[in-house]
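Hi everyone, thanks for coming. Let me put the structure up on the screen, and then I'll walk you through a few places worth a look.

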Amino acid sequence: MTQQPSNLSATSAAAGVSPAVLAELRSIMGERGLLTAPVDLRTYECDGLTNFRVMPQAVVLAESAAQVQAVVRLCHRERIPFVARGAGTGLSGGALPVADGIVISLTRMNRILEVDLENARVVVEPGVINADVTSRIAAAGFFYAPDPSSQSVCTVGGNVAENSGGLHCLKYGFTTTHVVGLEVILPDGQLVHLGGSALDPPGYDLLGVFVGSEGTLGIATRITLRIVKRAQCVQTLLAAFNGTNDAGAAVSAIIAAGLYPAAMEMMDRLAIEASEAAVHANYPPCGGLLLVEMDGATAEVEANVEQVEALCRSHGAWEIRRAKTAAERTLIWKGRKAAFAAMGRISPDYIVQDGVIPRTRLPEIMDEIATLSDEAGLRVANVFHAGDGNLHPLVLYDARVPGQEAAAERLASRILELCIEKGGSITGEHGVGEEKKFMMSKMFAEPDLETMQRVRCAFDPLHLSNPTKIFPRPRLCGEKGGKYAPHPLETAGVAERF
Amino acid sequence: MSTQTAPPLLSGPELGERLRALAGVDAVRPAAAGDAIGGVSAQWVVEPHSDRDAASLLRFATEAGLSVIPRGGGSKLSWGNPPQRADLLLCTLGLHRIVEHTWADMTVTVEAGCTIAELQRALAKHRQRLAVDPLWPERATVGGILSTNDTGALRLSYGGLRDLVIGLTLVLPDGTIAKSGGKVVKNVAGYDLPKLATGALGTLGVITQAIFRVHPLPAGTQTLQLQPAGLPGMQRTILDLLNSDLPCAQMQACLTSGAAPALYLGLEGTAAGLAAQEKTIRERMQPMPLSFATAEVWRARQDLWTPPKEGVYAAVAKLSVLPSKLMEVAAALDRLAQARQAQWRAVLQGTGIGWLRVEAAEPASAVELFREMRTAIESGGGSLTIAPLPPRSVAAELVNGGATALSAENAIDFWGGAGDALPLMAAVKRQFDPQRTLNPGRFVGGI
Ligand SMILES: Cc1cc2nc3c(=O)[nH]c(=O)nc-3n(C[C@H](O)[C@H](O)[C@H](O)COP(=O)(O)OP(=O)(O)OC[C@H]3O[C@@H](n4cnc5c(N)ncnc54)[C@H](O)[C@@H]3O)c2cc1C
């Protein structure tokens, strides 16, 4: 995005980490656990959003909650900001370092600690790879439902911080639905437990707030997950339409019929072309491809799949294929999961966006995106979680052509504004991070943002934990809870609070 | 916390005048005896008709140092510890519109005072529902079930309110009107405040509007009754079913002291699907007796609040444990109840959440029993919270009154332990409600 990465300017006067503090970090982490050489730090200067880069002062490679706690305590004492990092696959700059701070990498904390199949609970360290959870329990017929396309590399800790979604969250819910307990190191170094292994522990649902807080409320060091038993029957089909509008109408019809697919994904012509070039899923060349998965009890699924097929046909599907084997199903999903990375096949550079709209507005936004794309002279490929209206427009450009990058960023922002105008959201699963924090004031009014920041002030009054993300402006926590605050409806859009 | 001294506390008619000026003449009435909360009487009842009015009232109350007790249908007003102070009852029933049911997007925007039954009737016009089965739906409101986090057996398949609420308008004690979440089911922009307010018992802000994701009404439903042998058999059957590939929408074990336990399964689907599921379950559960039951059995939880017979005192509590520990809890309850010559009933759900009722001739033994149960359950990582009979003013309508074992002399902390995050919870409370305007003292740890 085009906005100024504020932490770059904010930290030009970076105090840095003194040699004494570095020595203390070394004594906590040992020689193997601390990186300070620029060549080593470079690996950590960005996440999956590579156009934002900041070099941290140091990186610690934590191996235990005790180490994380000791490091955070030190940071708190010395007022050093820190940024947690999992696999660094985030797409909104969430793990972007702060120039005068350190990065706490959690990838070495990668043990699966407990598996309790009876109660469908698995306890993991934050650095465990998402797909490894399912691998561990698959033989017993269970799976871990949130399945981001990056699942073979991203960490559960990163998923918790971003409240990541996946293809199957239409039916099964997001990461937040599947996390029941957390051990967290708070920004002052205290260790607390949020949630538990049983549901509804007394008190505020701070677990629910922590999930999706993008590393701004502390560091998760131990995570209790809920796992799910595989359904008796799974049916996956793909349907080829002339365009995304026809496919979109089929999606609405499927929902209106009260059918409840586990996943419902859509790709447009350009996305199919790229994906085919990369992984050869053998998709039919068409203007709108719909992928639908139904699962549940066998008789139920059989009846429902018939109905889905009929609805697709009556909305113009000219080819429908059902996966006959597990291998065929995997191939269908492989093509979809590879879509982002596949853009490299058809364009030197691209921006991934993550807007959400109410599902029924799909046809109109597709037309508007097409118009914007024509006007800007830039191609936009579309991949989306059609079932829940989560769009991933991929704006293609060539950074070597002067002006194209800026034009692409403008186009991407404009698409998000359209999502807001239609009553949607600027992010469905990738998070606000560094990238979209200035869009937050377009989606929320100042009192809304100010209220969210009260939570941050309770967790992190000194703003040490990933301090520059999510919010366009930090709230000073010394500020009164607003005893004499002006009525927000009187001030909305008129006065600035800060 | 504020260091400013509160302005002199207004009271009586003078206060009534100020309230009328803020919210309108017909929105204010003096509190009656029936409006008392946990034995604490309030001065005035205010019923704002917009979130702006709610905001002005709250800001005024905070500035004047008055405490405010939010109230929806009143059915669970007795949940939570008695308030330390209660000046105003803020009734949400004036905010009862269904703002927008965008059925094709499967979301609904509804004001806090709308009853669940009314909401369900509106959603049913498009063959949809909010997938919850809370207590007293004709009386309970959207704001009330959110604040008390009350859902029933459907939670097994559709999740709790935290999984269904996608947007919220919260009016804070300083008059801030804060929206969070939104109208789309998938949204990670900003902190998830809808979850924070869910189950917060109105101690952070007053919910004035909520947005939910809704689900299609099932094509058909079927309830099955199983008769496992004894508590061990019951435990095994529950786990077998939970860990099978057969989807159950609802699952609850009904147990009564001295009687054989029964397990109920709620299935959803098409006629063909239901028949096939029933057949599979029958085959797999062989030779356990299996029969059909009516949907009435899902009222069993609500029936725990029916009034006890003359001379008997009753109390109800909610518990939460891992599903594998449910029958351990039942066995402990049976043992402790026998020692105290108390009767008990329990409705234990597949999620590990359950509801217990005890009856005793002495109120103290019922309360003591809960105390012992809490100790046992908490040591295993679970929790037990009290769920009192509805207050007398609304009890007649819901459960025909009844003698509760709980009283000022027979008090037990409503919540039990909140763990090592309690100081953090207190910090959150201070950020949202530094003057402790809302429901003071009613929540965990005296929040
Ligand atoms: C090809 C590709 C496909 C993708 N597909 C999807 C998709 O389908 N759905 C989806 O939702 N996302 C997707 N993503 C985005 C990304 O993979 C997810 O956001 C993922 O959850 C990030 O995990 P990570 O381990 O890489 O975290 P990182 O990128 O390292 O960190 C992400 C955020 O989490 C914080 N964090 C990390 N660990 C912790 C911790 N233990 N405690 C507190 N905070 C922590 C960081 O500070 C940062 O703010 C995709 C990314 C790529 C590159």
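**A disulfide and some lone cysteines**

The torsion about the S-S bond of A:C457 and A:C477 is about -80 degrees, so this disulfide is left-handed. Before I go on, please keep in mind that we are looking at a predicted model. The bond between A:C457 and A:C477 has an S to S distance of 2.1 Å, and the count over all chains comes to 1 disulfide.

What does this pair tie together? A:C457 sits in helix α18 of chain A, residues 446-459, while A:C477 is in the loop between α18 and α19, so the link connects parts that are 20 residues apart in sequence. As for their surroundings, A:C457 has a relative accessibility of 4% and counts as buried. A:C477 is buried too, with a relative accessible area of 16%.

Now for two other cysteines. Why is A:C286 not bonded to A:C312? The closest cysteine sulfur to that of A:C286 is the one in A:C312, and it is 12 Å away, which is too far for a bond. A:C286 is buried, at 1% relative accessibility. For A:C419, the closest cysteine sulfur belongs to A:C169, at 16 Å, again too far for a bond. A:C419 counts as buried, at 0% relative accessibility.

**A sheet in each chain**

Let's turn to chain A and look at its strands. Here 4 strands make an open sheet in the order β1-β2-β4-β3, and the pairing is mixed. At the edges are β1 (34-35) and β3 (82-85) of chain A, each pairing on one side only. β1(A) runs antiparallel to β2 of chain A, residues 58-61, and 2 bridges join them. If you want to find one of these on the screen, A:L34 has A:V60 as its bridge partner in β2(A). Helix α4 of chain A, residues 65-78, packs on this sheet and touches β2, β3 and β4 of chain A. The direction of α4 makes about 165 degrees with that of β4(A).

Over in chain B, there is an open sheet of 4 strands, with mixed pairing and the order β1-β2-β4-β3. Its edge strands are β1 (28-30) and β3 (68-71) of chain B. On average, neighbouring strands of this sheet are turned by 25 degrees against each other, ignoring direction. β3(B) and β4 of chain B, residues 88-91, run parallel and are joined by 4 bridges. In β4(B), B:L88 is the bridge partner of B:V68. Helix α1 of chain B, residues 12-23, packs on the sheet, and its direction makes about 5 degrees with that of β2(B).

**A helix in chain B**

How far apart are the end C-alpha atoms of helix α11 in chain B? This helix has 14 residues, 326-339, which at 1.5 Å a residue should span 20 Å, and the ends are indeed 20 Å apart. Its buried residues include B:L326, B:V329 and B:L333. Among the elements covering the buried residues of α11(B) are α8, β13 and α12 of chain B. After the helix comes B:Q341, with a positive phi near 50 degrees.

**The nonpolar cores**

Last stop! The largest nonpolar core has 198 residues, and among those touching the most other members are A:L182, A:L290, B:F212 and B:W305. Helix α16 of chain A, residues 404-421, gives the most to this core, with 9 residues. Apart from it lies another core of 27 residues, including A:A274 and A:I332.

That's my tour, and I'm happy to take questions.

Terms used:
Residues are numbered from 1 along each chain as its sequence is written. Chains are lettered from A and ligands numbered from 1 in the order in which they are written. This is a predicted model: local features need pLDDT of at least 70, side-chain atom pairs count only at pLDDT 80 or more; totals for chains, interfaces and linings use all residues. Side-chain values use heavy atoms; hydrogens and water are left out. A nonpolar core is a set of buried Ala, Val, Leu, Ile, Met, Phe, Trp, Tyr and Cys residues joined through side-chain atoms within 4.5 Å. Buried means under 20% relative accessible area, exposed over 50%, partly exposed in between (1.4 Å probe, protein chains only). Helices (H or I, at least four residues) and strands (E, at least two) are DSSP runs, numbered from the N terminus. Two strands pair if DSSP finds at least two bridges between them. Axes are lines fitted to C-alpha atoms, for helices over the stretch in contact, and angles run from 0 to 180 degrees between N-to-C directions. Contact means heavy atoms within 4.5 Å. The expected span of a helix is 1.5 Å times one less than its number of residues. A disulfide is a pair of cysteine sulfur atoms within 2.5 Å.
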